[in-house]
Amino acid sequence: MGQMQAGKNYYSDALKYFFHEKNISVKEILTEANISRSRFYAYLNGEGDLAMTRLMSIVTALGVDFDEFLTYAMLLRHENEIAEVISGQFVSLTDSVTQAVSLYQNSHRVGPILQVLHRINLTASAQEEEQYIQNMRATIQEIIGTTKYCEKNEIRIFLNTMLYLPYEQVKLRYNQIVNNLTKRQHFSTLSGDSQPFILDSLVELHYKMIIAALQVQQFAAADDIARHLLQVPSQEFSWHANALKKMTSIIVALRSNQIAQSKALYSQLTEAVYFMQHEQQWLRYEKIMQHNFNQLKTLVLGKNK
């Protein structure tokens, strides 16, 4: 098998991200991947090469789909390449969106769409993100479709865009995907899905549906989903899923008018994000957290409260 070179750091950086994201002990990773502690940390720090089979073993031990790992590594590479000059011009997000849509129209490849959505999520403001997604709306709606069974990339595209699509359409698709993933959760071995992918997707679906409901002031619907999400055991959650559950707790506290408590929890989570997450992820979490506590409070309680 080939070597996954650490020279450009895309794979090691992706590995570092998922290592910090997942609640898996180093000892468990070393045992399952059959790698020494020194070799593991050397590659994690971007030193040396690693056989592809060994890298796949580490990624599997982390509970991450290998295609998800490669997608994230490709995103890191793409983020690096946008700083390079091509024919005297920087590659803009607008050009990247146009190219991705064109590729989908010509070949029905959803990978470039997902990659550009990741890039938008990590680098664009909320207002810019909404505009880019509106420009891609026809393509996105064609991809997510209305079929009862969704491919992984279709689910990821929906997760990246659902807050900018019409609420009634989102509610319908949300229910379909939740029902589908819940069934697949019971038969993950047969369906080929990993439990972490299903669990993380379900948590993010629930959280973003809460936000979608709050955006149109469907407070009862938001309350119902929040109560459900808080009842889900979190011992197997990734760091990201736990952060979304903590945000849900903050929303519930706000809905109960526990302003001081919710503000304290919000400050604690903000500190955790800046401490635990790579700088590249900060804007993503700032958008998840509505940028600041006052904006979150306005969303949760309504403009008149």
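**Close-up views of a predicted model**

**View 1. Ile 113 and its surroundings.** Leaving out neighbours within four places in sequence, Ile 113 is in contact (heavy atoms within 4.5 Å) with Ala 100, Val 101, Tyr 104, Met 136, Thr 139, Ile 143 and Ile 157. Another core lies apart from the one around Ile 113 and has 23 residues, including Ala 33, Tyr 43, Leu 44 and Leu 55. A nonpolar core is a set of buried Ala, Val, Leu, Ile, Met, Phe, Trp, Tyr and Cys residues joined through side-chain atoms within 4.5 Å. The largest such core has 70 residues. Ile 113, Met 136, Ile 157, Leu 205 and Leu 214 have the most contacts inside it. Helix H13 (residues 195-215) gives this core its largest share, 13 residues.

**Notes for every view.** This is a predicted model, in which local features need pLDDT of at least 70 and side-chain atom pairs count only at pLDDT 80 or more, while totals for chains, interfaces and linings use all residues. Residues are numbered from 1 along each chain as its sequence is written, and side-chain values use heavy atoms, with hydrogens and water left out.

**View 2. Helix H7, residues 111-123.** Helices (H or I, at least four residues) and strands (E, at least two) are DSSP runs, numbered from the N terminus. The expected span of a helix is 1.5 Å times one less than its number of residues. For the 13 residues of H7 that gives 18 Å, and the end C-alpha atoms are 18 Å apart, which agrees. Ten of the 13 residues are buried, so H7 is mostly covered (buried is under 20% relative accessible area, exposed over 50%, partly exposed in between; 1.4 Å probe, protein chains only). Among the buried residues are Ile 113, Gln 115, Arg 119 and Asn 121.

**View 3. Helix H10 and Asp 67.** H10 (residues 152-161) is mostly covered, with nine of its ten residues buried. The buried set includes Lys 152, Glu 154, Arg 156 and Ile 157. Asp 67 lies in helix H5 (residues 66-81). Its relative accessibility is 38%, so Asp 67 counts as partly exposed. Not counting residues up to four places away in sequence, Asp 67 touches Lys 152 and Arg 156. Asp 67 and Lys 152 are 85 residues apart along the chain, and their C-alpha atoms are separated by 9.7 Å.

**View 4. Aromatic pairs.** Rings of Phe, Tyr and Trp (its six-membered ring) pair if their centres lie within 6.5 Å; planes under 30 degrees apart are stacked, over 60 edge-to-face, and the rest tilted. The structure holds seven such pairs. Phe 19 and Phe 40 are edge-to-face, 5.5 Å centre to centre with 75 degrees between the planes. This pair links distant parts of the chain, Phe 19 in helix H1 (residues 10-21) and Phe 40 in helix H3 (residues 37-44), 21 residues apart. Both Phe 19 and Phe 40 are buried. The rings of Tyr 274 and Trp 282 have centres 4.9 Å apart and planes at 80 degrees, so that pair is edge-to-face. Tyr 274 is partly exposed at 37%, and Trp 282 is partly exposed at 27%. Ring pairs also link Tyr 11, Phe 18 and Phe 69 into a cluster.

**View 5. Confidence along the chain.** pLDDT is the predictor's confidence in each residue, from 0 to 100. The protein's mean is 83, and 85% of its residues reach 70 or more. Among the elements, strand E3 (residues 85-86) has the lowest mean pLDDT, 32, and helix H14 (residues 219-230) the highest, 96. Over residues 82-89 the pLDDT is below 50, and this stretch has eight contacts beyond near neighbours in sequence.
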